[in-house]
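User: I would like a close look at one single strand in this structure. Could you walk me through its surroundings and its partners?

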Amino acid sequence: MGGSGYKFEDSDKKSSHTGSHMTGFRATITWVFLIMSMLYVLYSSNHLLNSQDCATPVNIKNHLQTVTNVTGSNDVSKLEVQGKQGLGQEAKEVVPSRPQQFSRFDTELKHIVFGIAASSNLWEKRKEYIKLWWKKEMRGVVWLDKKVRMRGNEVLPEIRISGDTRGFKYTNRQGQRSALRISRVVSETLRLGMKDVRWFVMGDDDTVFVVENVLRILSKYDHNQFYYIGHPSESHIQNIFFSYTMAFGGGGFAISYPLAVELEKMQDRCIQRYPALYGSDDRMQACMAELGVPLTKEAGFHQYDVYGNLVGLLSAHPVVPLVTLHHLDVVEPVFPRMSRVKALQHLFQSVEFDSASIMQQSICYDKDHLWSISISWGYVVQVIRGVMSPRELEIPSRTFLNWYRKGDFTSYSFNTRPVYRDPCQKPILFYLTTNRLHRDKNKVFGFYKLEKSPSPHCRWKMASPDTIDTIIVLKRPDPVRWEKSPRRDCCRTLPSKKNSTMVLWVGNCREGSGTLRPNSSDIIGCEILSLLTTHQLSYSNLDGCEILSLLTHQLICSEPVGSEIPCLLTRQLNFSDIVGCDILNSLTQQLSFSYIFDCGTLTSVTHQLSFSNIVD
């Protein structure tokens with residue numbers, strides 16, 4: 001028994017020892033947590049009490065300094081200040097200042113430097129184009145691949161030799177390495193260190209500039225900002241191959257001085273990154289894309305990627321200043337029976353009188369003869385039988401050919417209309433012969449002579465415009481027209497003492513005036529409609545079913561007299577090889593004949609033409 005009591009005593013001692021050990025361990029853990037909590041509270045309190053404004057980290061500053069090509073130095077300083085405003089203050093977005101839309105800047109000719117890319121092989125021929133527009137007081141450089149012979153009495157820009165580009169890669173098999181040299185014209189011109197420069201204007205040796213209009217265009221823009229100004233090609237296919245956001249170099253483009261500075265810093269490295277590009281202008285656009293500068297489009301810069309006769313384009317010039325002409329070696333002379341240079345010299349006589357209005361279109365009507373008149377001031381007057389709407393007349397007619405032989409009318413980057421094949425519907429052309437300035441009245445008298453060209457006889461029973469020999473156009477010079485909202489000039493016919501002379505007035509539209517078409521009541525007897533249908537009109541090979549609106553011109557005749565008119569709608573119409581056209585809706589949607597008397601059979605057109613109140 002005594003032994004057993006001893007064992008119980010040992011068990012009690014062991015239990016007491018284990019309990020005291022667990023109690024000590026728990027106390028230690030508790031103190032550890034308390035100490036850590038106190039240290040955390042002290043650290044947090046110290047941080048809150050002694051916190052200061054956060055400074056911009058060095059790596060952020062360095063990053064901001066490297067993006068000056070995208071953000072101006074003023075914007076960078078604003079961003080740095082925002083970084084120092086504290087965590088509690090919300091940062092505000094920096095919005096760049098927006099110049100006023102109609103503000104103009106005092107840019108003068110002395111502020112513009114021209115860079116002309118030229119070839120020594122074509123220099124003797126192409127320099128004649130430069131002489132047309134270059135003036136002694138202008139600044140610029142012609143960049144050639146090698147030296148050429150110069151004559152002392154020639155008024156031309158300074159001639160320099162381009163830098164060596166053999167160190168640059170060029171892998172395009174269809175192009176030429178000269179594209180590398182030409183793409184660096186702006187940078188090399190900048191390195192000459194000319195003073196007081198606001199704009200660099202680039203062009204080819206066959207680019208003709210209307211310098212006054214270059215100045216008008218550039219005066220709209222702030223030269224202290226980044227601007228890349230030009231226009232794409234007239235060829236839709238060209239723009240697809242290259243870019244709609246690229247200024248074609250032959251048509252010319254302008255770069256503001258600050259942008260040229262940024263371009264010069266990185267252009268050589270940029271060119272190395274694009275060895276497979278074709279030309280100089282797509283390399284320029286690639287560098288502009290890296291700088292983040294888009295193309296500012298001005299439709300007066302003309303690449304003219306076309307062949308043939310430009311009269312259709314130039315006679316329907318858009319309502320913008322004419323700035324450049326290009327590809328003059330591959331198109332016909334702008335005036336017939338003249339050399340290309342002589343024709344341009346003749347055109348520049350009009351530029352001297354009113355450069356702002358050169359090629360600007362005006363539209364009016366001769367109500368007595370029912371003629372449509374389209375004036376391209378300083379160039380040509382077109383007189384067309386019948387009444388055509390301004391909407392149609394302001395669309396260029398396809399007197400020219402596509403840059404690509406297989407391209408059709410859908411291959412242009414603008415609207416076009418077909419050339420009328422019927423001799424009665426072809427326009428009669430009157431080209432400018434001379435201009436005279438009446439200083440007392442401050443008016444320019446332009447004399448336009450009939451272009452006599454052989455053509456089939458027209459059998460329409462209406463007066464023919466070719467009975468007129470001379471058209472006199474009166475116009476007051478308007479040098480500030482582009483400082484206002486764009487609008488086409490108005491025109492009207494004036495009385496003439498001679499039947500062989502037509503007198504027209506062109507000028508600013510008066511309040512409430514516009515282009516007034518003759519009313520339907522002015523068309524007595526409806527002779528015109530019979531002329532639209534009688535004489536074997538043939539429309540062959542009309543690809544894509546070009547709309548045959550030339551049969552209608554939206555003529556609405558009221559109470560036509562005679563039985564010969566509507567019946568002629570039913571015979572002798574020949575539409576052969578019309579591709580893609582099932583229904584000739586264009587023949588039916590606009591012709592309205594009411595009160596037609598004594599008409600015979602109309603069986604061939606009854607499914608599409610609607611005649612109301614037809615008696616017998």
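Analyst: Let's start with a term we will need: two strands pair if DSSP finds at least two bridges between them. Keep in mind that this is a predicted model. Our strand is β12, residues 371-376.

Begin with its surroundings. Here, buried means under 20% relative accessible area. In β12, 6 of the 6 residues are buried, so the strand is largely enclosed by the rest of the structure. In a regular strand the side chains alternate between the two faces of the sheet. You can follow the two sides of β12 by name: Trp371, Ile373 and Ile375 belong to one side, while Ser372, Ser374 and Ser376 belong to the other. Both faces are covered.

Now for the partners. On the N-terminal side in sequence comes strand β11, residues 361-366, which is joined to β12 by 6 bridges and runs antiparallel to it. Look for cysteine 364, which stands opposite isoleucine 373 of β12. The two strands form a hairpin with 4 residues between them, and in this hairpin leucine 370 takes a positive phi near 60 degrees.

The other partner is strand β13, residues 380-385, which also pairs with β12 in the antiparallel sense, over 6 bridges. Here serine 374 of β12 stands opposite glutamine 382 of β13. β12 and β13 form a hairpin too, with 3 residues between them. In that turn, glycine 378 has a positive phi of about 80 degrees.

To put the picture together, β12 has antiparallel bridges to β11 and to β13, and its residues are buried on both faces.

Definitions and conventions
Residues are numbered from 1 along each chain as its sequence is written. This is a predicted model: local features need pLDDT of at least 70, side-chain atom pairs count only at pLDDT 80 or more; totals for chains, interfaces and linings use all residues. Side-chain values use heavy atoms; hydrogens and water are left out. Buried means under 20% relative accessible area, exposed over 50%, partly exposed in between (1.4 Å probe, protein chains only).
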